[in-house]
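Trainee: I would like to learn how to read a structure feature by feature. Can we take one example and work through it together?

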Amino acid sequence: MWLRILAILTKELKQLSRDRMTFGMIVMIPLVQLMLFGYAINTDARHLPAGLVDMSGNSQGRALVQAVSATQVVDFVEYYESIAQAEEAITAGHVKAALVIPADFGSRLVTHPQAQAGKGAYFSRPVAQWLVDGSDTMVASTIKSLRTMPLSEVFGQPVPESTATMEVVMYFNPEQRTVVNIVPGLLGVILTMTMVLFTSAAIVREREQGNMEFLITTPVKPLELMLGKILPYVLVGFVQVAIILGAGKLLFALPIRGGLDSLALAAMLFILASLTLGLVISTIARTQLQAMQMTVFILLPSILLSGFMFPYEAMPVPAQWIAEALPATHFMRMSRAIILRDAEVTQLGFDALWLLGFCALGLLVATLKFNKRLD
């Protein structure tokens, strides 16, 4: 009995060693997970892009900006003339927050009447105001921690650090409910999982069922075959979008502030991008098992690097480069901006054009790969 088991064991090991794709997945998936969780994933958000509206125009205002920048929590990347411009930039996703320094900034620190007795100074009202994109709860909490930062060096005298020196206004999610941030992100995760999985086995299935020879003899061109493979699943994708948003609205009171036309356009671009990615996988894989393994290999970074679970801004730059190559990253920005911040597609032009370009490139690659298979 043991000899027979050993014979089967030897056979399986030899067969596994010949399957390079499976063997590669055995080695690569643990390494990728280790690199993602150990290197790329970071919940400590730093260097968040922020805007500045400085109405004070004095040295104390500039000192406050330097003090905030020294914390490395935010980087001031944009400067605005008015609060309305800052709000528009937050809605478009250009910055995560904006610091508003009022014109009477220097006069808001009032010396205590009993300063000689050690009472020091106090603020008659908040010295500045943070306008924060509350749709990302983790990022919002990080910026919120700046409201009690010490300002003794800014004003040149002791200031009680326990006092909330800056006011924080949370936009789009004032209650800081996590579900408000999660549900729009689930659109990208679920569509990536299903759309890529559906089409990743499309060409492989034809080969395994013996239909490839029949397709070669028909007048159907490769591009027509690719389009015919993905178009039925576009409707499936929209059904999933309706289910997720409908359930989110009914069960979790998800606020849907954006227009349905903008959301439908963003969803269409992402569904097509995911389907073409699945087609590319289908032209590379030789079996449906390999197609599923490659889909998992794509799904893991799409969940961990797209900003769904962890702040994109907290990742190291190399991880952000990888994230930018994933369609899910761009759709996460678009879905949250449209659903939660009432943004227009025109304000999200870079992500929309990127998804459109990915669709065209993926379709071209899949068509060329299928041509090579025919040869």
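Mentor: Start at the end of a helix. Helix H4 covers residues 83-92, and Gly93 follows H4 with a positive phi, near 85°. One caution before we go on: this is a predicted model.

Trainee: Which residues of H4 are buried?

Mentor: A general idea helps here. An α-helix has 3.6 residues a turn, so residues three or four places apart point the same way. Now the case. Ala86, Ala89, Ile90, Thr91 and Ala92 are the buried residues in H4.

Trainee: What do the buried residues of H4 pack against?

Mentor: Three strands and a helix: strand S1 (48-54), strand S3 (97-101), strand S6 (128-133) and helix H14 (327-341). Remember H14. We will return to that helix.

Trainee: Which residues other than glycine have a positive phi?

Mentor: Take two cases. Gln72 has phi near 65°. Phe172 has phi near 75°. Look at where each one sits. Gln72 is in the loop between helix H3 (59-70) and strand S2 (74-79). Phe172 is in the loop between strand S7 (166-171) and H7.

Trainee: Is Phe172 buried or exposed?

Mentor: The cut-off for buried is under 20% relative accessible area. Phe172 has 16% relative accessibility, so Phe172 counts as buried. Gln72, at 44%, counts as partly exposed.

Trainee: Next, the nonpolar core. Which residues touch the most other members?

Mentor: The general idea first. In soluble globular proteins, nonpolar side chains tend to be buried together. Here the largest nonpolar core has 52 residues. Leu187, Leu191, Met226, Leu245, Leu279 and Ile339 touch the most other members.

Trainee: Which helices each supply at least two residues of this core?

Mentor: They are helix H7 (178-200), helix H8 (202-208), helix H9 (212-217), helix H10 (222-252), H11, helix H12 (288-304), H14 and helix H15 (349-374). H11 gives the most to this core, with 12 residues. There is also a second, separate core of 27 residues, which includes Val65, Val73, Phe76 and Ile101.

Trainee: Can we zoom in on a single core residue?

Mentor: Try Leu245. Leave out residues up to four places away in sequence, and Leu245 touches Leu187, Leu254, Ile256, Leu263 and Ile339. Two of the names there, Leu187 and Ile339, were also in the list of core members with the most contacts.

Trainee: And a polar residue in H11?

Mentor: Ser262 is in helix H11. Ser262 counts as buried, at 6% relative accessibility. With residues up to four places away left out again, Ser262 touches Ile338, Glu344 and Val345.

Trainee: Now aromatic rings. How many aromatic pairs are there?

Mentor: The count comes to five aromatic pairs. One pair is Phe270 with Phe331, and the rings are stacked. Their centres are 4.5 Å apart, with 10° between the planes.

Trainee: Why does the pair tie together parts 61 residues apart in sequence?

Mentor: Because Phe270 lies in helix H11 (residues 260-284) and Phe331 lies in helix H14. Both partners are buried: Phe270 has a relative accessible area of 0%, and Phe331 likewise has 0%.

Trainee: Where does the charged end of Arg333 sit?

Mentor: Over the ring of Tyr312, 5.0 Å from its centre. Keep both names in mind for the pocket.

Trainee: What is the volume of the largest pocket?

Mentor: About 630 Å³. The lining has 24 residues, and the closest to the pocket centre are Gly93, Lys96, Tyr312, Glu313 and Arg333. So Gly93, the residue that follows H4, comes back here. H14 and H15 each supply at least two residues of the lining. H14 gives the most, with five residues.Trainee: Last item, cavities. How many of 30 Å³ or more does a search of the whole structure find?

Mentor: One. About 40 Å³ of space lies in the largest cavity. Its lining is Thr192, Val196, Phe270, Ser274, Leu277, Ile298, Ser302, Pro327 and Ala328. H7, H11, H12 and H14 each give two or more residues to this lining. H11 gives the most, with three residues.

How values were computed
Residues numbered from 1 in each chain as written. Predicted model: local features only at pLDDT ≥ 70, side-chain atom pairs only at ≥ 80, totals over all residues. Heavy atoms only, no water. Buried < 20%, exposed > 50% of the residue type's maximum accessible area, 1.4 Å probe, protein only. Helix = DSSP H or I, 4+ residues; strand = E, 2+ residues; numbered from the N terminus. Contact = heavy atoms within 4.5 Å. Phe/Tyr/Trp six-rings, centres within 6.5 Å; stacked < 30°, edge-to-face > 60°. Lys NZ or Arg CZ within 6 Å of the ring centre and 35° of its normal. Core = buried A, V, L, I, M, F, W, Y, C linked by side-chain atoms within 4.5 Å. 1 Å grid on protein atoms, 1.4 Å probe; cavity = no way out; pocket = protein on both sides within 12 Å on 5 of 7 lines; lining within 4 Å. Points joined across faces, edges and corners; volume = space filled by probe spheres on them.
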